[in-house]
Amino acid sequence: MASPSDANPSNGNTPEQPESGSVPATAEGPERRGQVRLRRAAIMAVPATLAAAALAVLTAQGALGVQFEISGMPFTVTAKSLDGQGFEQFGDLDNMIKNSPNEGDTGGQVLVMTSAIKTATLDSLCQSVDLGGINLLIKAGSGATKVTATDLTTDSTQLSGDATFGNIEIGNDASKLTKAGVQGKPGVFSQQSDTVHIDNLRQTNYATTAGVFKLPGLKLSFSDSGC
């Protein structure tokens, strides 16, 4: 929609109880730091986001999962509406390549809200990415035939819309989700529902995957403005 530091084992703190200003001293280094950042940042940030916007939510990292290293360039996705069957959402971290020019002060990691939708239909999909003064614009599904996707996944940092969930469960452990066939890491806050409907969807995403993504009426162009 901060990045705690690891504890120094020599001061008696555990990784789950880091102290500000500590310096990691184990050989596990980056991997362990990522686990601690995920555990603390996702558990604290994602529940607050969900509570504040429980009826305005869509993100996804689904059955395929985002296994690639992200570019670190965010892109915008909008749609008039989305209808989904089998919805899950939980916190996660996406990683850029080492020394990515887009890492800024993030250390190459982006805290995201990850969602998975087993099957989805989107009306009037628009996707744009700012390439530095010019936007790559993709539009599809504005006619009678809508965009459809299976095992749709997106990792997002911002989202808005008007949403309705069917048979929602809030507060699940992410490793025990069942609605979309995807599981997050143990101990991470999550939610899932049988169905989701969102009007006026808008997202800032860092990654998307899908098993099948059908884009009827696809139009790709460059534009001065994005979605």
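**Reading a predicted fold, starting from one cysteine**

Author: Let us begin with Cys126, which counts as buried because its relative accessibility is 8%. Please keep in mind as we go that this is a predicted model.

Reader: Happy to. What does a search of the whole structure find in the way of disulfides?

Author: The search finds 1 disulfide. It joins Cys126 to Cys227, with an S to S distance of 2.0 Å. Cys126 lies in strand E3 and Cys227 in the segment after E9, so the pair ties together parts that are 101 residues apart in sequence.

Reader: Is this disulfide of Cys126 and Cys227 left-handed or right-handed?

Author: For that, look at the torsion about the S-S bond: it is about -85°, so the disulfide is left-handed. As for cover, the burial cut-off is under 20% relative accessible area. Cys227 has 22% and is therefore partly exposed, whereas Cys126, at 8%, counts as buried.

Reader: Now to the strands. In which sense do E3 and E4 pair, and over how many bridges?

Author: A general idea helps when you look at any strand: if it is regular, its side chains alternate between the two faces of the sheet. Here, E3 (residues 125–130) and E4 (residues 135–140) pair in the antiparallel sense over 6 bridges. To find your place in the ladder, take Ser128, whose bridge partner in E4 is Leu137. The two strands form a hairpin with 4 residues between them, and Gly132 in the turn has a positive phi of about 100°.

Reader: And which residue in E9 stands opposite Leu136?

Author: That is Phe222. E4 and E9 (residues 219–223) pair in the antiparallel sense, over 5 bridges. So you can follow E4 to two partners: E3 and E9.

Reader: You mentioned a positive phi in a glycine. Where is phi positive in a residue other than glycine?

Author: The general idea first: most residues other than glycine have a negative phi, and most peptide bonds are trans. One case to inspect is Asp151, with phi near 50°. Asp151 lies in strand E5 (residues 147–166), and at 17% relative accessibility it counts as buried. Another is Asn200, with a positive phi of about 55°. Asn200 lies in strand E7 (residues 189–209).

Reader: Does Asn200 count as buried or exposed?

Author: Asn200 counts as exposed, because its relative accessibility is 52% and the cut-off for exposed is over 50%.

Reader: Let me step back. How many helices and strands are there in the protein?

Author: There are 1 helix and 9 strands, running α-β-β-β-β-β-β-β-β-β from the N terminus on. Of the 227 residues, 44% are buried. The protein exposes about 11,100 Å², and carbon and sulfur atoms supply 52% of that area.

Reader: Which elements have the lowest and the highest mean pLDDT?

Author: Helix H1 (residues 29–52) has the lowest, at 45, and E3 the highest, at 98. For the protein as a whole, pLDDT averages 80, and 70% of the residues score at least 70.

Reader: Over which residues does pLDDT stay under 50?

Author: Here is the general idea: where pLDDT is low, the predicted coordinates should not be read in detail. Such stretches include residues 1–26, for which the model has 43 contacts beyond four places in sequence. Residues 38–65 also stay under 50, and for them the model has 102 contacts beyond four places in sequence.

Note on methods. Residues numbered from 1 in each chain as written. Heavy atoms only, no water. Pairing = 2+ DSSP bridges. Buried < 20%, exposed > 50% of the residue type's maximum accessible area, 1.4 Å probe, protein only. Areas by Shrake-Rupley, 256 points an atom, 1.4 Å probe, with all protein chains shown as cover. pLDDT = per-residue confidence, 0-100. Contact = heavy atoms within 4.5 Å. Disulfide = S-S within 2.5 Å.
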